[in-house]
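Hi there,

Here is the structure I promised to pass on. My notes on what turned up in it follow below.

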Amino acid sequence: MAAPALQQPSFLLANLKVDSTTKPFLQRCQELVKVIDDYPAKELHLIFPWLVESVFGSLDGVIMGWNLQFLQARSNEYNIVMDFLDPSGPMMKLVYKLQAEEYKYEIPVSFLPGPVKASIQEGVLPDCPLFHNKLQFPLSGLQTLSLALNPFEYYMFIFASSLITPKHVSSLDNAYFVLVDTYLKYFLPTEGSVPPSPFADNRGSVSPPAPRAPSVPFAGYGIHSTSLLKRHISHQPSVTADPAAQEIWRSEALLQVFVEIWLHHYSLEMYQKLQSPQVKETFTPTEEHVLVVRLLVKHLHAFSCSLKPEQVCSSPSAHSHASPLEEFKRVVVQRFVQQKLYVFLQHCFGHWPLDASFRAVLETWLSYIQPWRYTGENTNPQTDQNKGVPEKWGLFVQENLLMYTKLFQGFLNRVVRIDLVNVKNALMVFRVAKVFAQPNLSEMIQKGEQLFLEPEHVLHHRQHRVFLTPSHGGSFLSARQSVVTDGVFRVKSHVYGLEGQDCQYKQMFGTELRGAVLKLIQIIAQARQTAKRISDHSAEVAANNSFMSWFGMGSPDLNYTFNGGEVDDTGECVKKTHEFLERSLDYLCLIFRLNAGQLSQLMATLGSGQDDGNSRQLPDCVQGENGLILTDLGRMQFGGHMEVLCSRPDFLGRLGRHYLASPEVMADGRQRSPETRRTAERNRRPRLSLRTLASYRTLLMLLFLYLFGVLFSFGPISSTLLILTGGFLYGLFITLFGDKLKSQ
């Protein structure tokens, strides 16, 4: 797959393949270290593709590799693997040894990300410089195209691709996750520069591709020009390596590979939008995939925020004196990540299951829209929350407006369909509300929306979906974009570049979205009341259990008090739910400037709706000082069922009349004291009366029976069951033979 078409048989490769099945892991690694040190690049070149695939797995999934996602720190092999794959370790030494030569390794186009593959197969050159000057165009046609990568690019490509191979990872302290973090910190350092390669790197380095001519289409779909692609590849001019770019070519290559492999995926709806309906690729990221993307986002923010203060300004003269690494920090997020991350998050917001695993997507989104959290300053989170977002981040908010507004709308569409009594779902609502409630942030978003709504007189000269492409050819250093001073142009460029010029933008603080927020507030308030009732009920059950534990009848698990949540939604979790929802309401009112009167009106509307619903479930009541009190009507409201039961002529009817009918009426049909006609009529109705239990005779009899049970070594539970059984049997006996006894 990756080696050149013609290669000599390698006895070294054959021996290593045999050793991989017969020797212990530690011994194999030790021998590999010796091979890398002792053998020349010509021999190592033949084993390199096999070795990379044996570590990370093959692209087709046939070779599993070392399963780094399952390798935990407590494993005996963990340290061996991390030392071998360290940026300064033997494997990277092999990469640099081959990098010093002109070796290339092929990746079939069929294994590229879906949008890139579709673009190439339609004859359009992808806009990412990673794919420029590397396409191998065979005589058999586009379907057998391959990408010729240098050793470093090939190594990182296979490493990144192993993440999207379907796996079920138990935790994030695995070797793969740690290795991603290690590579990011090494090749995208927040302090200092990237360590140089230990080998001379004059021939195998990344050379900036030639700038594209304006006539070459950019990653657009529906443009079928196979000849254009062939002509572009076959007539590429030779390019002289830019000495400035050589300093950071590994940083740029690593980032481009990670972004393309992990983020450049579309949903079927996106392919339809881009007029590529023939594409049938489905993409479903895993939770682990999203968490690694979040790691990438967090590090890129830290990398960008480590820019020297004098380089932060947008003055061209300041940029001319910046080092390549400093210039890279200045543009890395906007130019390399924003567009693909936006599409990736949109896909996740629309297709992720409605469960608590969405937290991974949510935190990735919140990490991206809060770059001020990764400035490296030691600040107290609570103090930071009160202080608000510094004004200097207003530009970032404007250049990423859709990340705030459009994705917030996507979150609203999800949250109204989930169970907010679940503590994990309530926590997600709380997290989003807390982030957007930071002082100054909502004002910055509103400012961005106001700029977008300005007239378009400054945009008459722009080209359709071209002005915002991350790179119009070559390394980002080869052609810097002109400085944008007009905020209107900046925001419109961002929105139109991501959504197209025909997009219908919905304001976050507009009337339509405000209505959706009010609906969410009502749902939160209803869930909060439900959580409070569940919490109160759990407390009652706990109190009852403490009392009933004397009888051995206490429940060891209060989980049954809530049927709609997950296993951990016990009484304590429901209390947290109530707290999260309570604070979410406060934050939402702060964000959308809802005053106490508006909130009270919403609560009143909710309360009346609940009263209408509850009226169909509760008997007739009046509100008293200590809660609801049954009225006379309420006491008799379920009497119809009793009357139906007692009117039956069969055995159940006779049993019901024994337990429910008035004893006085059953005895002789006459009342023994003067009563009003209404009271007499009420007493003739079937009803459940517990008055017998209040008589001294009944209490003395129960005490005697319990003492009698103690004499025969019966416990309280056994005695109670025997008494209840005896009472029930007595009722059966009276029902069956009562009429005969009366006649005798």
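**The nonpolar patch and the annotated spans**

Helix α32 (residues 696-711) supplies the largest share of the nonpolar patch, five residues. Please keep in mind while reading that this is a predicted model. The patch covers about 860 Å² of the surface and is made by M701, F704, L705, F708, L711, F712, F714 and L722. One of these, F714, sits in the loop between α32 and α33 (716-743). F714 is partly exposed, at 39% relative accessible area.

The UniProt record, an unreviewed entry, carries the annotation "transmembrane region" for residues 694-714 and 720-738. In the model, residues 694-714 are 76% helix and 0% strand, and the C-alpha atoms at the ends of that span are 25 Å apart. Residues 720-738 are 100% helix and 0% strand, with 26 Å between the end C-alpha atoms.

Helix α32 also holds T698. Is T698 buried or exposed? With a relative accessible area of 17%, T698 is buried, because the cut-off for that class is under 20%. Setting aside neighbours within four places in sequence, T698 is in contact with T692 and L693.

**The core**

The largest nonpolar core has 175 residues, and L85, Y155, M156, W262, W365 and F436 have the most contacts inside it. Helix α16 (residues 324-351) gives the most to this core, namely 13 residues.

If you would like one residue to start from, try W365. Not counting residues up to four places away in sequence, W365 touches L345, F349, M403, Y404, L407, F408, F411, V432 and F436.

**Helix α5 and its salt bridge**

Helix α5 (residues 90-99) is worth a look too. Nine of its 10 residues are buried, so the helix is largely enclosed by the rest of the structure. The buried ones are P90, M91, M92, L94, V95, Y96, K97, L98 and Q99.

What about K93? K93 is partly exposed, with a relative accessible area of 31%. The side chain of K93 meets that of D37 in a salt bridge, at 2.5 Å from N to O. K93 belongs to α5 and D37 to helix α2 (residues 25-38), so this pair ties together parts that are 56 residues apart in sequence. D37 counts as partly exposed as well, at 39% relative accessibility.

**Other salt bridges**

How many salt bridges does the structure hold? There are 17, and a few more of them are described here.

K340 and E260 pair through their side chains, at 3.3 Å from N to O. K340 lies in helix α16 and E260 in helix α11 (residues 249-263), so the bridge ties together parts that are 80 residues apart in sequence. Both K340 and E260 are buried.

E512 forms a salt bridge with K506, where the closest N and O atoms are 3.2 Å apart. E512 is exposed, with a relative accessible area of 56%, while K506 counts as partly exposed at 42%. Finally, D19, K23 and E31 are joined into one network by salt bridges that share partners.

Happy browsing, and best wishes!

Note on methods
Residues numbered from 1 in each chain as written. Predicted model: local features only at pLDDT ≥ 70, side-chain atom pairs only at ≥ 80, totals over all residues. Heavy atoms only, no water. UniProt positions renumbered as here; feature names shortened; annotations may be inferred. Helix = DSSP H or I, 4+ residues; strand = E, 2+ residues; numbered from the N terminus. Patch = residues over 30% accessible without salt bridge, like charges linked within 9 Å, V, L, I, M, F, W, Y side chains within 5 Å. Areas by Shrake-Rupley, 256 points an atom, 1.4 Å probe, with all protein chains shown as cover. Salt bridge = Lys/Arg side-chain N within 4 Å of Asp/Glu carboxyl O. Buried < 20%, exposed > 50% of the residue type's maximum accessible area, 1.4 Å probe, protein only. Core = buried A, V, L, I, M, F, W, Y, C linked by side-chain atoms within 4.5 Å. Contact = heavy atoms within 4.5 Å.
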